[in-house]
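Grab a pen and work through a few short exercises on the model below. Each one comes with a solution you can check step by step.

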Amino acid sequence: MVKIAKEKLPVLLQAWAAGAMVFVPQEREGTRVFLPWNGEGKLALGEENTLEPPKDLFFPRTETMYRYKVQGQDAEITEVPSFEDKMILVGVRSCDARSFALMDDVFLTKGYVDEFYRRRRENTRVVALACTEAAPTCFCTAFGIDPGRAEGVDVQMRPLDDGYLLEAVTEAGQELLNQAGSLLEEAGKASPPGAALPSLQVDVGGVTEKLQQMFEHPYWTEVSRKCLGCGACTYLCPTCHCFDIQSENLGNTGYKFRCWDSCMFSEYTRMAGGHNPRPSKKERLRNRFLHKLQYFPERYGKFACVGCGRCLDRCPVNVDITRVIREVKEVTL
Amino acid sequence: MSRIQERMRARARELLAQGTVQMVIGWEKGTFWYLSPPVFITDAGECDRLVWDEFCANNLAKYLLDYKHTEDKIALFVKGCDARGVVRLLQDNQIEREKVYLIGIKCPGMKDGRLADALGEERRHEVPLVAKCRFCTHPEPVIFDELLGEDEGAAARDAAAAAEGRFAEVEKVEAMSPDERYTFWTSAYDRCLRCYACRNVCPACNCRECIFDRSQSGWCGKQMNRGENMFFAITRAMHVAGRCIECGECERVCPEGIPIMTLNKKIIKDLNELFGEYEAGIDLEDLPPLGRYKLDDPDEFH
């Protein structure tokens with residue numbers, strides 16, 4: 001096992017940045033977000049997780065799909081150049097690492113491959129960071145996630161008092177460590193602190209089966225009363241992946257783009273004729289929870305929640321998915 | 001505070017048991033000690049869920065719109081800002097006065113849940129006021145059917161300080177050069193997620209259908225970029241101009257911490273200078289400056 005001293009980490013990031021775009025949690029206006037490393041930002045690796053999940057690096061908020069030009073009866077389509085940049089994500093927590101696997105299920109499996117997503121995902125290496133402290137809103141262990149060891153990553157980092165232990169998990173990860181060269185030293189017997197243990201706990205066992213019988217249950221009316229119908233929970237969720245496709249029409253030319261969308265919005269399900277099968281926040285909130293806890297498990301055999309707690313942290317009215325899970329399990333059918 | 005909480009529960013129980021109202025909207029304890037989110041009670045037996053503590057920051061007025069097409073009469077607990085929100089909805093002809101029963105509470109100023117989390121429960125008494133309460137000019141409800149806690153709840157802030165600091169953030173931005181100001185606003189709104197929490201919590205945002213829920217209209221687009229984000233910000237700010245009740249909920253609920261109230265207060269300050277001092281949501285009879293016409297209205301535009 002090798003380690004790197006804390007003060008040498010920026011040098012390592014700089015070295016990696018020579019051949020790739022390096023994204024790492026940095027301070028921004030009192031919060032932490034993944035930002036490109038340019039050697040000047042303030043690293044925020046010792047704190048709680050980032051305000052926004054890193055999903056936009058694979059699934060940008062807005063992305064041009066193709067451009068078009070119309071002349072008389074002729075139309076010309078121009079493909080956008082494919083994404084060729086290499087990316088290295090550093091400081092990804094176990095919850096967010098799981099979310100990448102879930103997004104992969106959506107964008108890369110079941111016979112559909114989303115080329116926009118695939119290019120970014122395949123060009124990216126992930127360096128995870130073990131959590132040694134849990135925020136009050138963390139509950140990743142409810143989904144069998146180990147806050148001390150991330151799944152599907154290339155390098156696993158563990159914080160030490162004066163630096164980080166680095167362990168290559170994949171060959172690509174080993175290459176990253178090889179690039180670090182003399183910045184690394186033998187870790188010897190350095191023992192990292194134990195993984196964080198979230199205090200917020202919820203037992204998700206049986207929730208899918210219960211929800212399968214609850215579509216028309218009056219519980220949804222009650223639980224949705226306080227919901228504002230905003231999209232904060234969906235846009236801060238590392239696994240929410242809905243998008244809309246629209247065109248920006250500039251006369252004879254224009255472009256097709258896709259951008260994030262949210263099932264919490266009325267427009268999301270509004271039909272061309274004006275009918276809306278999810279007319280109120282009751283149906284929309286129900287959809288959000290059913291998607292995470294019933295539909296996704298039915299389709300992919302996994303929950304679409306990673307217990308990162310971002311929705312719970314930022315919801316203006318404290319709609320709490322752990323409370324919903326508990327209450328769903330308790331309500332009488 | 002606990003005495004008010006007891007009276008709160010007792011009154012809610014009476015009103016529901018007597019059938020005076022069909023629902024009571026107040027606050028309950030949330031997931032953590034520093035959260036007191038809204039609660040909706042229809043069963044007199046559940047009134048002990050109601051709480052009154054220093055984290056009842058949510059403005060409840062907007063929820064009345066969810067029930068405007070029902071026959072129900074609703075009791076609402078109102079602090080100063082909730083009451084102003086109700087005046088907003090009444091003046092905008094959104095709700096009927098006789099369908100709401102307002103129980104006023106003199107507000108001592110609410111605490112900042114986010115900072116509370118960082119301090120820890122053992123330092124609960126040190127938690128500072130939430131930003132929206134720091135410059136509150138009306139902590140006592142301006143409209144109510146009955147008032148709880150007549151002897152309690154003198155405002156934690158002094159009114160002079162509130163009046164003085166009210167436009168402090170605006171003045172800072174006004175003092176910037178145009179380029180600095182551009183950077184200030186664009187860097188703030190580059191963070192905007194367009195989650196619309198600000199709009200959805202705002203009692204002045206009471207359009208039956210919002211332009212931003214009609215992205216196919218051609219007026220606005222769904223792209224998350226600087227242009228569209230700024231278009232949203234400016235449109236909303238201008239749409240609530242003269243009607244913003246300064247409850248500060250938009251800024252409090254913003255997940256990205258965008259200084260939305262600085263924008264709203266800039267418009268309030270300009271309106272005050274153009275049309276004379278006006279505070280929205282105080283007096284039912286006093287119409288907003290842009291919602292009335294006077295022959296001597298100024299016609300210059302800043």
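Here are three exercises with their solutions.

This is a predicted model, where local features need pLDDT of at least 70, side-chain atom pairs count only at pLDDT 80 or more, and totals for chains, interfaces and linings use all residues. Residues are numbered from 1 along each chain as its sequence is written, chains are lettered from A and ligands numbered from 1 in the order in which they are written, and side-chain values use heavy atoms, with hydrogens and water left out.

**Exercise 1.** Work out how compact chain A is.

- Step 1: chain A holds 10 helices and 12 strands (DSSP runs: H or I of at least four residues, E of at least two).
- Step 2: its radius of gyration, taken over C-alpha atoms, is 22 Å, close to the 20 Å from the globule rule for 333 residues, so chain A is as compact as a globular protein of that length. The rule is 2.2 Å times the number of residues to the power 0.38.
- Step 3: the C-alpha trace spans about 65 × 65 × 40 Å along its principal axes.

**Exercise 2.** Is Tyr255(A) buried or exposed?

- Step 1: find Tyr255(A) in strand S12, residues 253–260.
- Step 2: its relative accessibility is 16%, so Tyr255(A) is buried (buried is under 20%, exposed over 50%, partly exposed in between; 1.4 Å probe, protein chains only).
- Step 3: zoom out, and buried residues make up 57% of the 333 in chain A.

**Exercise 3.** Place Glu7(A) and classify its exposure.

- Step 1: look in the loop between strand S1 (2–5) and helix H1 (9–17).
- Step 2: Glu7(A) has a relative accessible area of 61%, so it's exposed.
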